[in-house]
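Q: Could we go through this structure together, beginning with the ligand?

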Amino acid sequence: MQQKKAFVIIPTYNERENIEKTLTEVYKTFKEINNWECGVLVVDDTSPDKTYELVENLKKKFASLELLVNPEKAGLGGAYLKGMDFAFNKLSAEVVFEFDADLSHDPTKIPLFLKKIDEGYDMALGSRYIPGGSIPADWGFHRKFLSVVGNLVIMTVLTNFKIRDWTTGYRAITKKVFTTIREELNDDKFSGYTFQIGFLHKAMNHGFSMAEIPFHFKDRTIGKSKIGPEYIKNTLEYIMKVRVTDLLKSRIFKFVIVGGIGALTQLLTLQGWRLVAPFQLAFFLAIECAVLMNFILSNLWTFSDRKLKAKQIPAKFVQFNLASGGSILIQQIIAFVGETFVGLFTLFTLPIINMDIDTGTMYAVGGILIGMFWNFFAYNTFIWKKGKKK
Ligand SMILES: Nc1nc2c(ncn2[C@@H]2O[C@H](COP(=O)(O)OP(=O)(O)OP(=O)(O)O)[C@@H](O)[C@H]2O)c(=O)[nH]1
Ligand SMILES: [Mg+2]
């Protein structure tokens, strides 16, 4: 039976002094692996120090050593994208590794990554921030701070604490993950180091499983770091963009917008109805217009993923009216309770918040908020019920 192939992709830019030692160590580890056919793919961006020439010569020494040369500097993400396209499509790899040329990544862990993939994980991440992993003790405060706090910020903004090392550059990725998110990776911002965070975030969004493997990150001893200041800016830009787009796509956001449109509908149609009907009736008709508008937009947009079937609509519309009635009732009750305890309330709270708003407004605002809360609850649990899992 033919063995599955794994390629360790090593992007290089001016790593002439490191690459041979790195390849030696990596190939030494390959000897311990017997259920995968392993090779290395170096992706060089035409390094001024001619790393690519050296690698070309080293092909004689190392079996299954491949080299891709980019005519110009593509950045880390650009190099990895090219490398992965090539490895998965041309070299028939089932798994690729991301691996640095400077031996910061402990190559003896490679078999462990493959073991996790064999166990069924979609990706394996070399992690510095779980027990058994570490960053170099002699890193300056600045670097430690950036790495640790950077990771915390990313976890917080992306609200994902399952992964401890978001920025790690030591990873094993299966073909399934890559082909699923390939289209989403065509973003210029990814060409740099942000590629790592973006890639992981997209893979997580698709629900792929991740194993974290601890390792001790070693500082490079030869050559220069290529990481630049634009990395921080691009990373912040990426995570903020994710937050804002997620918010705009969220049900709550749509619900609030639809509520606003409903309120506007009520105000505007009220003017019209008043021309043809007595006030009480006009008021009722305007509310009904708002309710109808709200119902239609909720069905088409806010709950588009749980759209009602045509035959459900009449009954659901009645329920929707009841829910809206409930919300109005809640507002009335709050206003009434507010009126009754108005003295107490004003006495205690207004001096504290030191504001001079009239209490009527406060009850109205409070009533609307609680009414909205009720509406959202009712829509979510009664009207656009989540379908049963099959
Ligand atoms: N092909 C290519 N490789 C790159 C580029 N930028 C960085 N690399 C390689 O990516 C790997 C990681 O880069 P490093 O400079 O080591 O980044 P780092 O590990 O965050 O920084 P140090 O800890 O200082 O080494 C190394 O193998 C680099 O040679 C690039 O633009 N193109
Ligand atoms: Mg490095």
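The exchange below covers the ligand and then the domains.

Q: What kind of model is this?
A: This is a predicted model, in which local features need pLDDT of at least 70, side-chain atom pairs count only at pLDDT 80 or more, and totals for chains, interfaces and linings use all residues. Residues are numbered from 1 along each chain as its sequence is written, chains are lettered from A and ligands numbered from 1 in the order in which they are written, and side-chain values use heavy atoms, with hydrogens and water left out.

Q: How many residues surround ligand 1?
A: Ligand 1 is surrounded by 19 residues (one of their heavy atoms lies within 4 Å of it). The closest are E15, D45, R220, S225 and K226.

Q: And how do those divide by type?
A: The shell has eight nonpolar, three polar and eight charged residues; Asp, Glu, Lys and Arg count as charged, Ala, Val, Leu, Ile, Met, Phe, Trp, Tyr, Cys and Pro as nonpolar, and the others, Gly among them, as polar.

Q: What lies 2.7 Å from an oxygen atom of ligand 1?
A: A polar side-chain atom of R220 does. For D102 the distance to a ligand 1 oxygen is 2.9 Å, and for D100 it is 3.3 Å; a polar contact is a pair of N or O atoms within 3.5 Å.

Q: Changing topic, which domains are assigned?
A: The automatic or database assignment gives domain 1 (4-248) and domain 2 (251-383). Their C-alpha centres lie 51 Å apart.

Note on methods: A polar contact is a pair of N or O atoms within 3.5 Å; within protein, one must be able to donate a hydrogen and the other to accept it, and residues adjacent in sequence count only if both atoms are side-chain atoms.
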